[in-house]
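Okay, everyone, thanks for squeezing me in. I'd like to walk you through some helix packing and then a couple of pockets, so let me put the thing up on the screen.

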Amino acid sequence: MDNFQSLFHQEWQHLQDPHVRALAWILTSPGMLAKESVLWNKQIATLVLPGAEKLHAWLSELDQSPALFHEALAIHKHRRLGHYAENLLAFFLNQQGILYAHGMQVHADRAATIGEFDFLLDHPGGLLHWEIATKFYLLERGPDLRHSANLYDYLGPNLADTLGAKMEKIFQQQMLLSQHPVAKKMLPSAVIAAQALIKGWLFYRQTTDDLSAVEGLAQDHCRGYWWPLAEIMQKEIPYALVLPRLQWLAPAQTTADKVLDTAALGQILSRHFLHDTSPVMLAVMRNNGGVMQEDYRGMVVPDDWLARARALRHQRNFIT
């Protein structure tokens, strides 16, 4: 069975601009959450796309003339990935003529911000409120593998949060913003529904038990692996690419002169972890007719990552 990367390349390998490729990923990648799960109370957003032929034509045209698209993205190297993903989606929704507002803040009089609507969309009968998140989490179940994995076992790469905690915040706090009296006063019409669009990649230590169903997750979510530094240094990887943060979305594609061999990869990773504990996104590439395309991907973490993760699990009482 083809993995997501293979399917993506089959459909979009003709796209050359990395931002257009990221937009294609935002629009066509599977969502992270299972729409039918009772956890989400039928609040998972659905992107309505043009027909396949029309979408291909639009993205291909954008790929050939991307200047206005780039300007709308407000690209710079320090841009947060979440904001970048929001701007990709905002461009599409605006082109579709349904974007009422993006990033609209709600303020109390002379007080702090109450909240922010990621997106407000025009819809028959009122407005739709969409919250979008593009997230990356690593599954670490702890030493007791007898318990079934859950959303709190997916840890942020820098151990700052969990998938479960993030979803709690979105569904139990952020999506209630339209019910606030101040928000109601500032909107031209009622919000008829609040929904979440959650995209991203989840990373697994093994290819067996860890890939079993987890309540709330879509079966076809984008996935990769995670490796401690010492392990990846022992692997023979003929073609690799270290992905900067703004290139974490779509499967990578590049020219042969840009990829790293095993020795060069080892040097880059060693230098990185000498002064930085943040995980590295690594794309393992394959040669497809002279074009280098991502075969699979993974997060490379410091060798003490697992010990720190389990210490934090204990502190936060994650283990059920």
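So, to start: at what angle do helix H1 and H2 pack, and how far apart are their axes? The angle is about 120 degrees, and the axes of H1, residues 4-12, and H2 are 12 Å apart. That makes H1 oblique to H2. Oh, and before I go on, this is a predicted model, so keep that in mind throughout.

As for handedness, H1 passes H2 in a right-handed crossing. If you want to click on the residues, H1 brings Phe4, Phe8, His9 and Trp12, while H2 answers with Arg21, Ala24, Trp25 and Thr28. Sorted by class, this contact of H1 with H2 has 5 nonpolar, 2 polar and 1 charged residues.

Let's stay on H2 and turn to its next partner. Helix H3 covers residues 52-64, and its axis lies 10 Å from that of H2, with a packing angle of about 155 degrees. Why do we call H2 and H3 roughly antiparallel? Well, angles over 145 degrees count as roughly antiparallel, and theirs is about 155, so the label applies. Here, too, H2 passes H3 in a right-handed crossing.

The H2 side of that contact is Val20, Leu23, Ala24, Leu27 and Thr28, and on the H3 side you'll find Leu55, Trp58, Leu59, Leu62 and Asp63. In class terms, the contact of H2 with H3 comes out as 8 nonpolar, 1 polar and 1 charged.

One more partner for H2, and that's H5. How do the axes of H2 and H5 cross? They come within 10 Å of each other and cross at roughly 80 degrees. That makes H2 roughly perpendicular to H5. From H2 we have Pro18, His19, Ala22, Leu23, Ile26 and Leu27, and they meet Tyr84, Ala85, Leu88, Leu89, Phe91 and Phe92 of H5. The contact of H2 with H5 has 11 nonpolar residues, 1 polar and no charged.

Right, pockets. The largest pocket has a volume of about 850 Å³. It is lined by 32 residues, and the closest to its centre are Arg80, Gly82, Thr134, Lys135 and Lys166. Which elements give two or more residues to that lining? They are helix H5 (81-95), strand E2 (113-123), strand E3 (126-139) and helix H6 (163-172). E3 gives the most, with 7 residues. For those of you thinking about chemistry, the lining of the largest pocket splits into 12 nonpolar, 9 polar and 11 charged residues.

Now the second largest pocket, with a volume of about 530 Å³. Of the 27 residues that line this second pocket, Pro18, His19, Gln247, Ala252 and Gln253 are the closest to its centre. Our friend H2 (18-28) is back here: H2, strand E7 (240-243) and strand E8 (253-255) each supply at least two lining residues. The largest share comes from H2, with 4 residues. The class split for the second largest pocket is 15 nonpolar, 8 polar and 4 charged.

Let me finish by tying two of those threads together. Pro18 and His19 are among the residues of H2 that meet H5, and both are also among the closest to the centre of the second largest pocket. H5, for its part, gives two or more residues to the lining of the largest pocket. Okay, that's me done, over to you.

Conventions. Residues are numbered from 1 along each chain as its sequence is written. This is a predicted model: local features need pLDDT of at least 70, side-chain atom pairs count only at pLDDT 80 or more; totals for chains, interfaces and linings use all residues. Side-chain values use heavy atoms; hydrogens and water are left out. On a 1 Å grid over the protein atoms alone, a cavity is a set of points where a 1.4 Å probe fits but cannot get out, and a pocket is an open set with protein on both sides within 12 Å along at least five of seven lines; lining residues have an atom within 4 Å of a point. Grid points are joined across faces, edges and corners, and a volume is the space filled by probe spheres set on the points. Ala, Val, Leu, Ile, Met, Phe, Trp, Tyr, Cys and Pro count as nonpolar, Asp, Glu, Lys and Arg as charged, and the others, Gly among them, as polar. Axes are lines fitted to C-alpha atoms, for helices over the stretch in contact, and angles run from 0 to 180 degrees between N-to-C directions. Angles under 35 degrees count as roughly parallel, over 145 as roughly antiparallel, 65 to 115 as roughly perpendicular and the rest as oblique. Contact means heavy atoms within 4.5 Å. A crossing is left-handed if the near helix is turned anticlockwise from the far one by less than a right angle, and right-handed if clockwise.
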